[in-house]
Structures are given as C-alpha cells and as structure tokens.
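Me: I have just started learning to read protein structures. Could we go through this one together, a question at a time?

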Amino acid sequence: MKRYFIAGNWKMYKTVPEAVSLASELKARLSDCGEKLMIAPPFTALQAVAGVIKGTNILLGAQNMGPEESGAHTGEVSVLMLKDLGVSVVILGHSERRHTYGESDALINIKVRLALKHKLEVILCVGETLEEREQGVLEKVIRRQLSEGLKGVEPSALTDVTVAYEPVWAIGTGKTATPEDADAVHEFCRKVIAELYGQNAAKQLLIQYGGSVKPDNVAALMAKQNIDGALVGGASLKADTFVPIAKFR
Ligand code: PEP
C-alpha cells in the first residue's frame, strides 16, 4: 500500500513553549498514524521539539540550512548544527526563500548537495509563480528548478530526496491547484527525473503537493496517482487541522 509523506512547515511561528505544546499534542494524536510524518519548527524550537518527539513516528525537520559546514556566516545555521539536534530532514528551495530572500538555483543546489553529503533527507521545493503560469513557462521553470537543484546529485543519493511541488500562487492564499492540475505537474516532475535519473528512480521518487492543503481538500489531492504526500504550511500550525490531514484515510 502507498505510504504518504505528510510534512508540516511551521515557518516563523511558535515560541518554544508553543512549539512544545503543539509537538506534544501531535505526538499523542498521531501515534497511530501510519504515514511518514515530519514537522519543521523554527530553528529556536528545534532542540525542545526534538526532546518531545524523540523515539516517535514523527521526524524532525528544519526549514532551511546554510551553504557551508561552518565559517563566517552571520545569521546562518549549519548542517552540522542541525544534525547535532537530531534533525533528519531539511526543506530547501522553499518559494519564500527563493522569492523573498533571493535564493538562486545555484545556491539551493549547494545546500542540497551539502545536506545529502551529511545524510540529511532533503525536501526540494519547486513551483511556478502566477505570472510564469500565465506566460506558459511553467514546465520550463519546473525543469530548471529540478535540474539545477539536483545538479551533481548522485543517483544513489536520490532516495534521500523528496520533491515538493508548490505553486507559489497557492501558498498561504487559500487557492489550491485542482487535484488534476497538480497531478499533471507532478507527472511532469517525474518525467524530468526520469530523463535525469531513469524510469526506476522517477517511479520511486516521492512528490509532495503544497499550497493551501487543508483537511477538506487533502483526500482528493492524495487520491491522484502522482501525488505522494503534502507539505503543509498554515494548516500545520494547529493539531486540529494537521491531524486530520495526516489521517486523511
Ligand atoms: C508552505 O509553506 O510550504 C505551504 C504550502 O503553505 P500553506 O499550506 O499555508 O499554503
């Protein structure tokens, strides 16, 4: 049976006590959930949340990572620091990093390779803006983000990569791609991965959908052949919305 990867991105929300409280509730309410689960609190709450979810079925994720192991990089957090706290997954190339903080495909690629070198799983986010969709360059953008983001990644490391398709216009807006539209882009992602790594790797690859996933739309999205999970922002901030998403079936 297909096992889905449901991940929560808490973005710049939650103080340490708030994060501990949410993680504790998720730990209790998701202990019987059979999907692959991850939560990504802000950096400041990673250690505390690690203590809560250690030994459970919930993986600890980080929302970003610096491009070097160590050095003079004021404000950055290194892969070694994340590993030290028990982080096992890192989200890279989120659209807020690309568009608000100007992260390029080249920078994201450096981070992807560094994370994989240190055996962190990577969620590589890709997605087009509304303007790009309307200009008909969606496939060109997705192909570039995938091939540049994964440049130099060995086929053997691809098993540690999940792709998250997140149309920028659907993030935090309440607008969701229709399941059919999302599935078509997921299928295209698989085609690009097949060109880069072969059919088998493309078949194995997990592709999450992200963009206003909520309890009432998750089942229809997950029913699509090429959708293997969800990267959830706003609805991951409350147990009452994240739990039904994770337990959509
Ligand atoms: C996200 O931040 O990755 C995201 C998909 O956010 P939201 O679910 O709020 O649209």
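Me: How many positive and negative side chains does the chain have, and how far apart do the centres of the two sets lie?

Reply: Happy to help, and do keep in mind that this is a predicted model. The chain has 29 positive side chains and 29 negative ones. Between the centres of the two sets, the distance is 3 Å.

Me: What radius of gyration does the chain have, set against that of a compact globule?

Reply: Start from the number of residues, which is 249. A compact globule with that many would have a radius of gyration near 18 Å. The chain agrees with this, since its own value is 17 Å.

Me: Among contacts between residues at least 6 apart in sequence, what share joins residues at least 24 apart?

Reply: For some background, the chain is made of 11 helices and eight strands, and 53% of its residues count as buried. Now take the contacts in the chain between residues at least 6 apart in sequence. The share of these joining residues at least 24 apart is 72%.

Me: Let's look at one charged residue. Is Arg-98 buried or exposed?

Reply: Arg-98 sits in helix H4, which covers residues 95-99. Its relative accessible area is 10%. The cut-off for buried is under 20%. Therefore Arg-98 is buried.

Me: Which side chain is joined to that of Arg-98 by a polar contact of 2.9 Å?

Reply: Leaving out residues up to four places away in sequence, Arg-98 touches several residues, including Glu-103, Asp-105 and Gln-145. The polar contact of 2.9 Å joins the side chain of Arg-98 to that of Asp-105.

Me: Where is Asp-228 found, between which helix and which strand?

Reply: Asp-228 counts as buried, at 6% relative accessibility. Yet this residue belongs to neither a helix nor a strand, as its place is in a loop. The loop runs between helix H10 (218-222) and strand S8 (229-232).

Me: With which side chain does Asp-228 make a polar contact of 2.8 Å?

Reply: Apart from its neighbours within four places in sequence, Asp-228 is in contact with residues among them Lys-2, Tyr-4, Arg-190 and Leu-205. One polar contact, of 3.2 Å, joins its side chain to that of Lys-2. The polar contact of 2.8 Å is with the side chain of Arg-190.

Me: What part of the area that the chain exposes is supplied by carbon and sulfur atoms?

Reply: The chain exposes about 11300 Å². Of that area, carbon and sulfur atoms supply 52%.

Definitions and conventions: Residues are numbered from 1 along each chain as its sequence is written. This is a predicted model: local features need pLDDT of at least 70, side-chain atom pairs count only at pLDDT 80 or more; totals for chains, interfaces and linings use all residues. Side-chain values use heavy atoms; hydrogens and water are left out. Helices (H or I, at least four residues) and strands (E, at least two) are DSSP runs, numbered from the N terminus. The radius of gyration is taken over C-alpha atoms; the globule rule is 2.2 Å times the number of residues to the power 0.38. Buried means under 20% relative accessible area, exposed over 50%, partly exposed in between (1.4 Å probe, protein chains only). Contact means heavy atoms within 4.5 Å. Accessible areas come from the Shrake-Rupley method with a 1.4 Å probe; for residues, only the protein chains shown count as cover. Lys and Arg count as positive and Asp and Glu as negative; His and the chain ends are not counted. The place of a charge is taken as NZ of Lys, CZ of Arg, CG of Asp or CD of Glu. A polar contact is a pair of N or O atoms within 3.5 Å; within protein, one must be able to donate a hydrogen and the other to accept it, and residues adjacent in sequence count only if both atoms are side-chain atoms.
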